[in-house]
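The following exercises are to be worked with the sequence and the coordinates at hand. Each task is followed by a solution in steps.

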Amino acid sequence: MSAAKENVITVSNLDLWYGAFQALISVNMAVEKQKITALIGPSGCGKSTLLRVLNRMNDLIPGVKITGEVLLEGRNIYAPGVDVCALRANVGMVFQRPNPFPLSVWDNVAFGLKVAGQNSRAQVEEIVERSLRGAWLWDNVKDKLDHSALELPLDQQQRLCVARLLAVEPEVILMDEPCSALDPIATAKIEELMLELVKQYTIVIVTHNMQQAARISNYSGYMLLGEMIEFDETSRIFTSPKDKRTDDYISGRYG
Amino acid sequence: MRIPPKYTQMIAVAVLAGATLATLAVLLFIIGYVLNKGLPVVSFQFLFSNPEDMGRAGGIFPTLVGSVLLPLLAIAIAMPLGVGTAVYLTEYTRETRATKVIRFGTDCLAGIPSIIFGLFGFIFFVVMLQFGWSLLSGGLTLAIMILPTIIRTSEEAIRAVPHSYREVSFSLGATRWETVMKVVLPNALPGIVTGVMLGIGRCISETAAVIFTAGLALRLPRSVFDSTRTMAVHFYTLAREGISNENAYGTAAVLIIAVLLTNLAAYWLMHRFIARRTK
C-alpha cells in the first residue's frame, strides 16, 4: 500500500463487554481518510457495536466496559477529559431506520446548528441549503421546507438525516445499515450519494448487503462473533480472502 | 347449557354499551341538574360584584379571583418541581432501588386524602412558618397535593418519547440537557399539559385542604399573605351553613363552566402547539 495513505481512525486491541458478555474481542482496524470502509458479517457479530464505539454512542448503554485504544487523528477518544459532544459532532451517524424529528424539514437540518449555538439567521439559511444540496435533497424539498419531515417518502427521510448530519460538518460519517429500510432504487440513490460524499468525508458503513459492500467500499472488514476475522482492501476480500471463514461467508456457505 | 356465540356477542355489546350510556347519563344528569338550578342566578352582576351578608346576597367576584389565583400559584410551584423530578428520574438516573423508592413514595403521596394535606399545610405553613391563612399557604399545600400527579404523568409522557429521538440528538453532538430541552420536553409536552390540567382540576375543586390553609375570607386578596376563598369553598360554605341554596347552585354552575372552559382552552392550545410543530 502506498505511503500517502492517511488513517483518520485507528482501532487497536479493542475489547468491549456488555456486562459479562464480551461483544468485541481484540479488534484492530484502520479507517483511511476519504475512503469508504465497510463492516460485514452475520447478525450479532459486533459490527454495529464497533461502529458505535467510534462515536461513543455505546456510552449510553449501562454496563458497557471498553479497553484498548481508539485514535481519532492521533488522539484517544476514550481518554479522560475528551469532549464527547464535540466528538459526536465530528463523527456523525446515520441510523438504520430514517429517524427525522417530528419537526419541519428546515428545523431538522437546523437542529445541530441550534445545539451548537449558531444563531445568525443568514448563516443558518446558508448551511441548511448547502446541507440539503449536499444530500441531493434540495430540489425535492425546497418548496416545502416548512412541511413536516415525516411527510417525506422514506428515502428522502434518510437523505434528510444525512443532510441533518452534514449541517454539523463532521469529518467521519458512520452509517448503520442505512439502506435496510429502503427499496433497491432508493438504495442505489443512497449508494451514489455515498460515492459523492466520500470525496469530502470519511465513511464507515455497516451493511448486511455484500453486493453493497463490494460495489461502494474501498476497504472491508469481515467480523464474526466479536472478532475481526479479516480486514483488507475490498477487492481482495471479495476475490482472494485469506481466511477460510471469510471465503465461506462471501460465497454464501456460511452457517 | 351453552349460549351460542351469536348471543354472547349480542349480550356483550348490550352490556358494554349500557355501561357507557349509564356513565354518560349520570354525568349529563349531574351537569344538567346543577346548571338548571344554578344558571338562573348567574348574571354579569353575580359574577362581578362582591358578596353581601355572608353570601346571602350579592355576587361571587372575590371567590372567582381566588379560584383563579390559587390553582395558578399551586401550578407555578408544582410544575417546575414535578417536571424537574420526572426529567431527573427518567433521563438522569438509571433504574435503581432508590428510583423505585421515590416512585413508590410519589404513588403513596397520590393516595393520601386531601384533608391530610390540609392538616399538614395548616400545621406547617399556617402555624409553624407563620404564613397564616393565605394564598401562599394554600398554594404550597395544593402544590404538594398535586405534585405526584404531575410527576407521574410527566414521567409517562417523557418515557413515551421514542428512544431514537434521543439517540439522534446525542449523535449530533447535543448534551443531555440540550436533548432534554430541545427534543424530550417538546415531544412530551402534550402529556405534561394533560397532567397539569388534571392538577388544575383538582385544585379548583378542592375544598378540605383549602379551608384549612387559605381560609374563608370574602375580601379580594391584596397579596399572597392574604386569605382567600375559592368558589368550591364558597359553595361548600353556603350549602353547609344553609346560607343560600340559590347562590350555592349559582356558584356551582359557574365552577362547572369554568372547569369546562379551562379544559377546552388547554385542548385548543395543545392542538395548536402540535400543529405548529409538525405542519
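**Exercise 1.** Among contacts in chain A between residues at least 6 apart in sequence, what percentage join residues at least 24 apart?

*Solution.* The model is predicted: local features need pLDDT of at least 70, side-chain atom pairs count only at pLDDT 80 or more, and totals for chains, interfaces and linings use all residues. Residues are numbered from 1 along each chain as its sequence is written, while chains are lettered from A and ligands numbered from 1 in the order in which they are written. Two residues are in contact if their C-beta atoms, placed from the backbone, lie within 7 Å. On this basis the share for chain A is 68%.

**Exercise 2.** Compare the radius of gyration of chain A with that of a compact globule.

*Solution.* The radius is taken over C-alpha atoms, and the globule rule is 2.2 Å times the number of residues to the power 0.38. For 255 residues the rule gives a value near 18 Å; chain A has 18 Å, which agrees. Along the principal axes, the C-alpha trace of chain A spans about 55 × 45 × 40 Å.

**Exercise 3.** Describe the open four-stranded sheet of chain A and identify its edges.

*Solution.* Helices (H or I, at least four residues) and strands (E, at least two) are DSSP runs, numbered from the N terminus. Chain A has 10 helices and 10 strands. Two strands pair if DSSP finds at least two bridges between them. The sheet has the order β2-β1-β4-β5 (chain A), with antiparallel pairing. Strands β2 (21-32) and β5 (75-76) of chain A each have a single partner strand, so one side of each lacks a neighbour in the sheet. Between β1 (residues 7-18) of chain A and β2(A) there are eight bridges; L16(A) has L24(A) in β2(A) as its bridge partner.

**Exercise 4.** How many residues does each chain give to the contact between chain A and chain B, and how do those of chain A divide by type?

*Solution.* Chain A gives 27 residues and chain B gives 17 residues. On the chain A side, the elements giving two or more residues are α2 (84-90), β6 (91-94) and α3 (105-115). By type, this side holds 16 nonpolar, seven polar and four charged residues. Here Ala, Val, Leu, Ile, Met, Phe, Trp, Tyr, Cys and Pro count as nonpolar, Asp, Glu, Lys and Arg as charged, and the others, Gly among them, as polar.
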